[in-house]
There are 2 protein chains.
Amino acid sequence: MTATPSTAGMPGLAYPEESLRRDARVLTTRFDGIFAAETVERYVLESYTALLRTATVKAHLTQNAVRFATSRLTALAEAKGALPATRPSVLFVCEQNAGRSQMAAVFAEMLSDGAVTVRSAGSAPSKELHPIVFEAMAETGLDLSGAFPKPLTDDVVQAADVVVTMGCGDACPVYPGKRYQDWSLADPADLPLEGVRQVRDDIRNRVEALLSDLGVTTKDINS
Amino acid sequence: MTATPSTAGMPGLAYPEESLRRDARVLTTRFDGIFAAETVERYVLESYTALLRTATVKAHLTQNAVRFATSRLTALAEAKGALPATRPSVLFVCEQNAGRSQMAAVFAEMLSDGAVTVRSAGSAPSKELHPIVFEAMAETGLDLSGAFPKPLTDDVVQAADVVVTMGCGDACPVYPGKRYQDWSLADPADLPLEGVRQVRDDIRNRVEALLSDLGVTTKDINS
C-alpha cells in the first residue's frame with residue numbers, strides 16, 4: 001500500500017489498543033470455557049467503537065466499554081445456558097437510554113435488592129444522560145452518575161425474560177418466548193423538573209408492579 | 001421464571017431467528033478456518049439488531065444484515081492477515097452514512113473498477129439515504145438503490161489503509177498505522193439539488209485525487 005500514517009491534527013481519540021487488548025485478556029480468563037478469546041476480544045473492541053461513536057464524555061470510555069462488553073458477554077452466557085440464570089432478567093429499552101430506561105433500571109436494581117438481573121439500552125442512544133434525570137433521581141437518594149447510554153444489542157435481548165419498551169417504536173426485535181410490556185411515558189427530555197418527578201414516580205410504581213408480578217419482594221429503599 | 005410469552009400487539013418485527021441462523025451457517029462455511037461458528041453467528045445476529053434499531057425500511061433487513069456481517073467479517077479477516085489484502089482499502093465515514101460517505105464509496109468503487117476495497121459507515125447512521133442524493137447520483141448514471149446506512153464498527157477501521165472522515169468529529173477512533181484525511185463538505189441533507197450536485201462533483205474530484213495518490217488508474221465512467 002502507498003498509504004503512510006498521518007494522524008496528527010485528527011479530531012479523534014488515539015485508539016487505546018494496548019489497554020483494550022489487556023482488558024480483553026483478563027475477560028477471556030473470566031469467561032474461560034464459555035467463550036473463545038476471539039469472541040471476547042471482538043466484544044471489547046466493538047463495544048469501545050460503539051460507545052465512542054455516540055459518547056460526548058470520552059473520559060471513562062475504555063472503562064465503560066469493558067463494563068458494557070462484560071454485561072453483554074454475561075447476558076450471552078446466560079442466554080446460552082453456560083452461566084446459571086437463577087434470577088429473572090429484565091431489559092428496559094427506550095430510544096435514547098438517557099432517561100426513562102435508566103430510571104427504570106436503577107429502580108429495579110434497588111427495589112429488588114439484586115433479586116433480578118437488570119439491563120437497559122437505547123434504540124438510538126444519546127450522547128449522555130439528561131442532567132434533569134440525575135437531579136430527579138438524586139432527590140430519591142439514587143445515584144445515576146456511573147450510568148451511560150448503551151446501544152441495544154442482540155445479546156441482552158436474548159438473555160431477557162421480560163422486555164419493557166418505552167417509546168422506541170419498532171426498533172426492538174420481538175423474540176419468541178419472552179414477555180413484552182410497552183410503557184407509555186412522557187420523555188423527560190421535554191419536561192421541567194416537576195414533570196420529570198411525575199415520570200419518575202410513575203416508573204417506580206410500574207417497576208414495583210412488575211417485580212410483584214415476577215414474585216419478587218421489594219425492598220423499602222426510601223419514603 | 002414466571003414470565004410468560006405475550007408478543008401480540010407489539011410494535012416490533014418478529015425476530016427472523018431461523019433465517020438468520022441458517023445464513024450464519026452458510027457464512028461459517030465460507031469463513032471456515034478463519035472464524036469460529038460462534039463469531040460468525042454473533043456477527044450476523046448483532047448486525048441484524050444494529051440495522052433494525054435505525055432502519056426505516058424493514059423490507060430487506062435480513063438480507064442487508066447478512067451483507068453487512070459478510071463485509072465486516074471480510075474486513076476482520078483482512079485485518080488479521082487471514083485473507084489476502086492485495087488491494088488498498090479505503091473507508092469513508094460521515095455522520096449519517098446517508099449522503100457524503102455513500103457517494104464517495106460508489107465513486108471510489110466505480111472509478112477504481114475494483115482496484116481498491118471500499119467501505120463506508122456512519123457515526124450516527126440515519127434511517128435511510130437522503131432521496132436527493134439518489135437523484136443527484138442517478139444523473140451521473142450511478143445507482144445507490146442497494147445502499148443502506150451502516151454504523152461504524154471496529155472491524156472496518158482495522159481493515160482500512162486510508163480512513164476519510166467527513167464531518168463526524170471525534171466519533172471515529174484514530175488507529176495507528178493508517179492514513180487519515182478529513183474532507184470538509186457541506187451536508188447534502190441541507191441543500192437543494194443544485195447544491196447536492198456541487199458536493200457530488202467535489203467528492204468525485206477528491207476521490208480521483210485519492211485514487212491517483214494510491215497509484216490507482218481511474219476508469220472513465222462517464223463525462
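**Helix pair across chains A and B**

I looked up how helix α2 of chain A meets helix α2 (residues 37–54) of chain B in this predicted model. I find the two packed at an angle of about 30°, with their axes 9 Å apart. The axes are lines fitted to C-alpha atoms over the stretch in contact, with angles from 0 to 180 degrees between N-to-C directions. Helices here are DSSP runs (H or I, at least four residues), numbered from the N terminus. I note α2(A) and α2(B) as roughly parallel, because angles under 35 degrees count as such. The crossing of α2(A) past α2(B) is right-handed (near helix turned clockwise from the far one by less than a right angle).

Next I asked which residues make the contact (C-beta atoms, placed from the backbone, within 7 Å). I see A:E38, A:T39 and A:R42 facing B:E38, B:T39 and B:R42. By class, I get no nonpolar, 2 polar and 4 charged residues. Asp, Glu, Lys and Arg count as charged, Ala, Val, Leu, Ile, Met, Phe, Trp, Tyr, Cys and Pro as nonpolar, and the others, Gly among them, as polar.

**Domains of chain A**

I then turned to domain 1 (16–85) and domain 2 (87–223) of chain A, with bounds from an automatic or database domain assignment. Their centres, over C-alpha atoms, are 22 Å apart. Domain 1 brings 14 residues to the contact and domain 2 brings 15. On the domain 1 side, α3(A) gives the most, with 8 residues. I count that side as 8 nonpolar, 4 polar and 2 charged.

**Bookkeeping**

I number residues from 1 along each chain as its sequence is written, with chains lettered from A and ligands numbered from 1 in the order written. Local features need pLDDT of at least 70 and side-chain atom pairs pLDDT 80 or more, while totals for chains, interfaces and linings use all residues.

Notes:
Contact = placed C-beta atoms within 7 Å. Parallel < 35°, antiparallel > 145°, perpendicular 65-115°, else oblique.
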